[in-house]
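Got the viewer open? Pick a stick representation for side chains, keep the backbone as cartoon, and follow along.

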Amino acid sequence: MAVRRVVAAVLSLLSASALFGGVSYHFDSVTGGLGEQRISGAVEAEGPRMRVNIAAGDGVSYPNGSFVLAEGSRVTVFDPNTKTYYDVTFDPLAPLKSMLGDAMSMSNEHSSVRDLGNGHSITQSTYDMNVAVMDKKVTMHVATTTESWTTDKYPESASIGRVLTPDPHAPKGFPLKQVTTFHIDQNGSPIELTSTTTVSDIATKTLPPSDFAMPPGYRKVDSPVERAMKSLGR
């Protein structure tokens, strides 16, 4: 009986993989508050591999007309205009950590998820970011709230969040829409940012392996973050 259950589980996994196949869709991510920003484009994903064609980028990590290849934890941006490519980091605090080193630390981290049913959930996270430079100490309290609408019709690995806003506390499933609000308090001065990401035109299809292959003729360069750090002598 136990063997039969194991066989059934294996067959279920194999059939699920075959059922999903490749997934394509369009996405639009708008951030408002301290600084307006919009990123949009088209995604192709199959298993652990993903390609993101950036129509409108942020002008920094993702230039207009660039494309992204992601597999596992590696995310690489290719710029056809300059024939260059670079890796980007998943950690949004990487620039600060690289600049400040041991002078920066995190404390009082907490996260919780409230399941509202039918793929609707709310994730809340809080932490304190502590910075000590010379004789000055600054503590910023950060609180994020993410409201998500997900589906299990498509694989979770196909989410655009893998590239734009990777979050270890993200809800399970493929997000159809996510609204994230950041509240930052620094010495009584509040800052608020809201980011809304939606997907549309979702389709399952067979995707050619060439879409996920590294193109020839590109040279590797430092990422924008690495260039900024070098300019500061880090």
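Start by selecting Thr76 and everything around it. Leaving aside neighbours within four places in sequence, Thr76 is in contact with Phe67, Val68, Leu69, Tyr85, Tyr86 and Asp87. Keep in mind as you click around that this is a predicted model. Thr76 is found in strand E5, and with a relative accessibility of 6% it counts as buried. Now show its polar contacts. The side chain of Thr76 has one of 2.7 Å to the side chain of Asp87, and another of 3.3 Å to the side chain of Arg74.

Next, colour E5 and strand E6 (84-88). E5 and E6 pair in the antiparallel sense, over 5 bridges. To see the register, pick Val75: opposite it, in E6, stands Val88. The two strands make a hairpin with 4 residues between them, and in the turn you'll find Lys83, which has a positive phi of about 55 degrees.

Stay on E6 and look at what else it pairs with. Strand E12 (residues 219-220) runs parallel to E6, joined to it by 2 bridges. Select Tyr85 there, and you'll find Lys220 of E12 standing opposite. How many residues of E6 are buried? It's 4 of the 5, so E6 is largely enclosed by the rest of the structure.

Now for the nonpolar interior. Nonpolar side chains tend to be buried together in soluble globular proteins. The largest nonpolar core here has 22 residues. To see where the contacts inside it are most numerous, select Tyr25, Phe27, Met50, Val52, Tyr62, Val68 and Val163. The elements giving two or more residues to this core are strands E1 (22-32), E2 (37-46), E3 (49-56), E4 (67-71), E5 (74-79) and E6 (84-88).

Which residues does Val68 touch, beyond those up to four places away in sequence? Expand the selection around Val68 and you should pick up Met50, Arg51, Val52, Ile54, Tyr62, Val75, Thr76, Val77 and Val163. Thr76, the first stop, turns up again in that list.

Another core lies apart from the 22-residue one. This other core has 5 residues, among them Phe67, Leu69, Phe78 and Tyr85.

That brings us to the rings. A search of the whole structure finds 6 aromatic pairs. Select Phe67 and Phe78: their ring centres are 5.0 Å apart and their planes are at 5 degrees, so this pair is stacked. Phe67 lies in strand E4 and Phe78 in strand E5, so the pair ties together parts that are 11 residues apart in sequence. Both Phe67 and Phe78 are buried. Add Tyr85 and Tyr218 to the selection, and you have a cluster of four names linked by ring pairs: Phe67, Phe78, Tyr85 and Tyr218. While Phe67 is on screen, look for Arg51, whose charged end sits over the Phe67 ring, 4.2 Å from its centre.

For another ring pair, jump to Tyr154 and Phe174. Here the centres are 5.5 Å apart and the planes are at 65 degrees, so the pair is edge-to-face. Tyr154 is in the loop between strand E9 (136-151) and strand E10 (174-186), while Phe174 is in E10, so the pair ties together parts that are 20 residues apart in sequence. Tyr154 counts as buried at 12% relative accessibility, and Phe174 is buried too, with a relative accessible area of 0%.

Then select Trp149 and Lys177: Lys177 lies over the face of Trp149, at 5.5 Å from the ring centre.

Next, Thr123, which lies in strand E8. At 5% relative accessibility, Thr123 counts as buried. Draw a C-alpha to C-alpha distance from Thr123 to Pro171: the two are 48 residues apart in sequence and 7.5 Å apart in space.

Finish with some backbone geometry. Most residues other than glycine have a negative phi. Asn118 is not a glycine, yet it has a positive phi of about 55 degrees. You'll find Asn118 in the loop between strand E7 (104-117) and strand E8 (120-133). Is Asn118 buried or exposed? At 85% relative accessibility, it counts as exposed.

Last selection: Asp201, which also has a positive phi of about 55 degrees without being a glycine. Asp201 sits in strand E11 (residues 189-205), and it counts as exposed at 56% relative accessibility.

Conventions. Residues numbered from 1 in each chain as written. Predicted model: local features only at pLDDT ≥ 70, side-chain atom pairs only at ≥ 80, totals over all residues. Heavy atoms only, no water. Core = buried A, V, L, I, M, F, W, Y, C linked by side-chain atoms within 4.5 Å. Buried < 20%, exposed > 50% of the residue type's maximum accessible area, 1.4 Å probe, protein only. Contact = heavy atoms within 4.5 Å. Polar contact = N/O pair within 3.5 Å; in protein donor to acceptor, adjacent residues only side chain to side chain. Phe/Tyr/Trp six-rings, centres within 6.5 Å; stacked < 30°, edge-to-face > 60°. Lys NZ or Arg CZ within 6 Å of the ring centre and 35° of its normal. Pairing = 2+ DSSP bridges.
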